[in-house]
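I'm opening a fresh page for this one. Below is what I looked up, in the order I went through it.

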2 protein chains.
Amino acid sequence: MTSIHPQGPLPAPKTKRGERTRQKILDAAEREIGAKGFAEASIAAITAEADVAQGTFYLYFRTKEDVLRELVLRMGRRLRRHLTMAVTGATSRMEAERHGLHAFLAFVRDNPNLYRVVAESQFVDATVHKAYYDAFAANYREALEAAEAEGEITKGDAEVRAWALMGVADMVGRRYALYDPKASLHDAAEAAYDFIANGLMERRHG
Amino acid sequence: MTSIHPQGPLPAPKTKRGERTRQKILDAAEREIGAKGFAEASIAAITAEADVAQGTFYLYFRTKEDVLRELVLRMGRRLRRHLTMAVTGATSRMEAERHGLHAFLAFVRDNPNLYRVVAESQFVDATVHKAYYDAFAANYREALEAAEAEGEITKGDAEVRAWALMGVADMVGRRYALYDPKASLHDAAEAAYDFIANGLMERRHG
């Protein structure tokens, strides 16, 4: 497996304590980069925020870019786990979509900094950002194709639909979970679900 | 009207020639920032690319941030004009949506740098980036409410739908017009249209 880091894999912590320190640095970087942006967030500020010596940073990372790439992986892992848990028990694709929308909006509201870090990563390392979306889209496409085969959803282009569904979650998440901290996420998720289930078009019966 | 520039409005060119020079600098900045990212694109590189003296930059702009903000306005104006032309003559909201999707994908493929500049602006001046999306969403919401009143589309939350529709265009645009320069935009737009018109849900008749 190739590393996401152009200079090769990062050194792995040798002890549990080392792993905890590494996570503390990543937590601090998530807050710093999420709040100030990548350019403004210095390694000095990140280590101060993590309450470790600046030299400790270099035991686990070579550069600020390394940290950003690790945060994109973190977002991918956390969001996938969060969504998997949310849709467990759903008895159809549409029910999974509905639970997934609720879960995604809650995740963005709970992790605004992580969301911003991933968005900014496209301007720091476009490859890792694209890989993040490609991985989500590939999983999504597979689920849509299976649901289509089962007759649970209508026939359609699974690749376009996967990206369209990510776009709905992304923009509705931005509007309601990021920009508007008091908005009801429940109502937004239900309205978004209605949109992805039924579309806009009036169907004339008779 | 308040300026989008925190330090106040920019000096306006006094002559046609001045306006042409200002546009040349903006064109060069669009290419430089779009290709290299905001941090890497220097004023020196922008003026070299525009083939003007570095001092000329400061006749029209104070900072690189000023230029970025002007490019976000440029994208808004150009995209709005492009979409308005595309949907002129559409006889229903759904037909306008269909034409709008085709036109948006073509615009992103023709203006990849401008698209990236606007995306990056959220990390340089979040206010101007949010204003860009808010303005689009407000227009969109109004069009959806009018179409709902006319019975052209089903009832639904126009604000959520406006952002959901922007999300579909944005992500499908990213996937097909930005990442995949050889993909058929026609097919992607038609599949995206089917999604926004009909949704995913299988309707059992009988």
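**Two domains and where they meet**

I started with the domain assignment, which splits chain A into domain 1 (13-62) and domain 2 (65-197). Note to self: this is a predicted model.

Next I checked the spacing: the C-alpha centres of domain 1 of chain A and domain 2 of chain A are 27 Å apart. The contact draws on 16 residues from domain 1 of chain A and 15 residues from domain 2 of chain A.

How much area do domain 1 of chain A and domain 2 of chain A bury between them? I got about 1300 Å², with 59% of it on carbon and sulfur atoms.

Then I went after the charged pairs. I found five salt bridges across the interface of domain 1 of chain A and domain 2 of chain A. I also looked up the side chains of Glu30(A) and Arg74(A), which form a salt bridge at 3.0 Å, N to O. For polar contacts, the same interface has seven residue pairs, both partners at pLDDT 80 or more.

Which helix gives the most to the domain 1 side of chain A that touches domain 2 of chain A? That's helix H1 (residues 16-36) of chain A, with ten residues. I sorted the residues on that side of domain 1 of chain A too: eight are nonpolar, three polar and five charged.

Last stop, the UniProt record. Its unreviewed entry carries the annotation "DNA-binding region" over residues 42-61 of chain A. I looked at the fold of residues 42-61 of chain A: 75% helix and 0% strand, with the end C-alpha atoms 13 Å apart.

Terms used:
Residues numbered from 1 in each chain as written. Chains lettered and ligands numbered in written order. Predicted model: local features only at pLDDT ≥ 70, side-chain atom pairs only at ≥ 80, totals over all residues. Heavy atoms only, no water. Domains from an automatic or database assignment. Contact = heavy atoms within 4.5 Å. Buried area = accessible area lost by both parts, 1.4 Å probe. Salt bridge = Lys/Arg side-chain N within 4 Å of Asp/Glu carboxyl O. Polar contact = N/O pair within 3.5 Å; in protein donor to acceptor, adjacent residues only side chain to side chain. Helix = DSSP H or I, 4+ residues; strand = E, 2+ residues; numbered from the N terminus. Nonpolar A, V, L, I, M, F, W, Y, C, P; charged D, E, K, R; others polar. UniProt positions renumbered as here; feature names shortened; annotations may be inferred.
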